[in-house]
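Please open the model in a viewer and prepare to make selections by residue number. The tour visits an internal space and then a series of aromatic contacts.

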Amino acid sequence: MGTFFAKQTSDLIVIVHTGDRKQAGTDANIHLIVHGEHGQTTEPVQLDNLFRNDLERGSVDTFSIPNAKARSLDRTGRITKIEFWQDGSGLGSGWYVDKIVVDNKVTNDAYVFPVFRWIKADYRYKIAHLDTSLPQDDQHADQRKMELEEKRKLYEFDQKFPPQFPGGPVQVKKVPADEEFSCAYLWDITTLKLNLKLTGKIVKLTSEPWDSLADLTNIYTKEVFTRPRGADLWNDDMYFGFQRLAGVNNQVIQRVDSIPEKLPVTDELLKPLLEGLTISEAVAQKRLFMCDLHILEGLPVREHRVLCAPIALFFVDISRQLKPVAIQLFQKPGPDNPIFTPRCPSLLWTLAKMWYNNADTAYHQGIAHLGFTHLIMEGFAVAANRNLSASHPVFKLLAPHFLYIISINNRALEKLVGDGGWVDVTMNFGNKGLFALVVKALKEWRLDLHGTLPEDLKKRGVDDPGILPSYHFRDDAILLYNAISKYVKAYIELYYPTPQVLQNDEEIQNWVKELVKERNFSEGGVGILGVPGNGTLTTNDQLQQIATFVIYTSSVGHGAANFAQYDEYGFPPNYPAMMLGNPPTDVNANITEKDIIKSLPDKATTLDTMTITKILSTKGTRSLGDFEVQYIFDPKAREIVDEFRSDLREIGSKIAERNTERNPTYPYLDPQFIPNSISI
C-alpha cells in the first residue's frame, strides 16, 4: 500500500537559481525566512523536495512555503527581503546562488532577490528585494562589511611577470573559484588547438620551409582554415595603409604637424609620391600621417632574431586613400638605416613593409591587445571585487564586463606567454620582449588620454573624419564609445543624484583609491595613471569616465584588437609575427621571391600561428548588452539598459550600411559581433 501525503496549500513559491560554477551545488540543509514590509515574517522553512536532488550546479528549483508556515506574514502586502542560511552538512556544502525569486500567488507579484554570492555555512544572509544599494543606505551594513573582508582575502593583488621585469601589471594572486570558466574544457587552449588541427582538414605542415608564395597560398580550406583577407591584399600599398586604420593595431597613427629630425625625408625623395606637393605643403593640407613605433627600441629579442623600431610615413592621396610613402626601419638614421619608399625595387619595398608589420605585431600583442585590454582590465576587476559589494549598483553595472577576464588571463600567461608558449615560439621578441614592452608602456599609459577614446583621437590629430577618411575603427568605435558613455551617465545619475552622495560612498572611493595606488606590495594598488580625481571622486563625470573606460575596453577595445587576428596573421607575408634573417639596409638591393620566402617562418610555425589566431578570433560569449548574467533588476535601471540596447541596435544598422560601401569591409565593431567581456 502506498503512502499518502496531505496536500498543503501554499501562497508563496520560492524559485532558487543555483549558479553554473565549479562546486556551486550543495548538499547542505537550507532554511529560508520571508520578511514583509511591516516586520512580519514566515517561520523558517527548509528548502527540500522529497526524493529530489535539489540545488545542484546550474539548476532552477521550486519550493512551496506552506500557508501554515506563513500565517504571521501579511500575504497581501509587499515582501521586502529574505533571510536564508545553510548548515554546512553533507559532502558538498559550498553553495553559489545566482538569485532567489519569491512568487506571491495572492497578489501575483514576483519579488527578485539577486544573490550572486558564495553562501558560507552558519551565517544568516539577508538580501533585500532587488538588492541594490549604496553602502551608506544598506540596512545590513555588518553583512556587507563581512562579505568585503572575505572577498579581500580571495582577491589578493600579485604581479606575475618574472622578477627581472619589475613594475608589471597587477593581477590576482590565485584565481578564486567563482572566477573559473563554467565549462572549463571549452576554454582549454591546448585542447582547442588539437581539435582545430584535427578538424581543419589542412595538410600536415612540417618544419620544412616554404617552396614559393604559391605553395603558401594553397594551404587554405573552405571550412575551418578559410583564406584570410590578407592573403589577397598583402602586397597592396593601399591595404598597408588600410591596416593602420582598420587592422588589429589601429591607435598608433597620428597626423604630422612637423617631420621629426630622426626621419630625414626630403622633398627630392618624396615629392614624386606626394602628387607634386612639397612636404611642407602636404603638412599644411593635413595630408601627412605617421606611425612611430619608438617604444620597441631596445627590447629583448630572441637569439638570432631582429625586432625593428620603425617609423612609417603615409599620405592621403587624391582618391582619399591612405598610402605609405616612406619607411625607416630603426629610429636612428644612418647609412645602414636608409629610408625605403615605393620607388625602391618592388620586392625590396615589399620586404620593408613586412619588417614594419613584424614590428607592428609586437606592438599589437604587447600593447594594443594583451597589455591594455587583458592585463590592465584584470587590475580593475580585482580592485572592484575587493572594494565593491555585490549589492553596489556600480558593481552590478561593471560585473558583466569582468566575466572570465581573470580566468582567461591566467590561462593566457601559462599557455601563450609563458616560457615555450606561443609568443615565445612564434614572435621575434619572444615572451621576454613582450614582458619588457608591457612594463615600458605602463609607465606612459594614462586612463584620461589613452583610455579615453575621444581624447586619444584628438591628441593624435585624427578625430576629424574629413581629414583622415576610411578610418573605419575611429568611425565605428566613436559611435559605440558615445553610446556607452550615455548609458553609464544615465545609470550613475540614477544612484548619485548629488555630488555629496558620491563623496559619501565609501566603497566607490576605496575602489578608486586602490586604482591609483602604486603597483607594489607595500602600497597594494593597481598603479593606474590619469584616473580622474586622482583617487578621490568629487563629480559624477569622473566616475562616468572610469566606468565608460571599463565597459568600452572590455568590449569594443578588445574586439578591435582581437577579432581580426586570423584575417591579419593567418597569411604570414601579410602580417608576419616572425621574420627570419636581417632587415634590408640598401635601397637598391635586388630582392627576389626566394628572399621573401627565406624571411618567413617554416610550415609548422605557420600552422601554429594560424591555429592560435583562429582560436583568438572566435567569439566566446554573448553580444554587447546581451549579458550572460543579469545583475541589474531595479526597474528604473532596467529602462536605462533597454535604451542602451536600442542604441546598440541602431549603431549595428548604421555599421552594416557603412559596410555595403566599404572595400574591404570592417565588420569587427558591429555590436552583434562584440562580446561583453574579454573572454578569449
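Begin by selecting helix H8 (346–387), helix H10 (405–417) and helix H11 (422–426), each of which supplies at least two residues to the lining of the largest cavity. The model is a predicted one, and it holds 4 cavities of 30 Å³ or more. The largest of them encloses about 160 Å³. Its lining comprises 14 residues, of which His-369, Leu-370, Ala-412, Leu-416 and Leu-616 are the closest to the centre. Colouring this lining by class shows 11 nonpolar and 3 polar residues, with no charged ones.

Turn next to the aromatic rings, which form 22 pairs in the structure. Select Phe-161 and Phe-435: this pair is tilted, with 4.6 Å centre to centre and 55° between the planes. Phe-161 is in the loop between strand S9 (157–158) and strand S10 (171–172), whereas Phe-435 belongs to helix H12 (residues 430–442), 274 residues apart. Both Phe-161 and Phe-435 are buried.

Then select Phe-372 and Trp-445, whose ring centres are 5.4 Å apart with planes at 20°, so the pair counts as stacked. Because Phe-372 lies in helix H8 and Trp-445 in the loop between H12 and helix H13 (453–459), this pair ties together parts 73 residues apart in sequence. Phe-372 and Trp-445 are both buried.

For a cluster linked by ring pairs, display Phe-84, Trp-95, Tyr-123 and Tyr-125.

Finish with two charged side chains over rings. Arg-244 lies over the face of Phe-240, 4.6 Å from the ring centre. Lys-614 is placed over the face of Tyr-566, at 4.4 Å from the ring centre.

Methods
Residues are numbered from 1 along each chain as its sequence is written. This is a predicted model: local features need pLDDT of at least 70, side-chain atom pairs count only at pLDDT 80 or more; totals for chains, interfaces and linings use all residues. Side-chain values use heavy atoms; hydrogens and water are left out. On a 1 Å grid over the protein atoms alone, a cavity is a set of points where a 1.4 Å probe fits but cannot get out, and a pocket is an open set with protein on both sides within 12 Å along at least five of seven lines; lining residues have an atom within 4 Å of a point. Grid points are joined across faces, edges and corners, and a volume is the space filled by probe spheres set on the points. Helices (H or I, at least four residues) and strands (E, at least two) are DSSP runs, numbered from the N terminus. Ala, Val, Leu, Ile, Met, Phe, Trp, Tyr, Cys and Pro count as nonpolar, Asp, Glu, Lys and Arg as charged, and the others, Gly among them, as polar. Rings of Phe, Tyr and Trp (its six-membered ring) pair if their centres lie within 6.5 Å; planes under 30 degrees apart count as stacked, over 60 as edge-to-face and the rest as tilted. Buried means under 20% relative accessible area, exposed over 50%, partly exposed in between (1.4 Å probe, protein chains only). A charge sits over a ring if NZ of Lys or CZ of Arg is within 6 Å of the ring centre and within 35 degrees of the ring normal.
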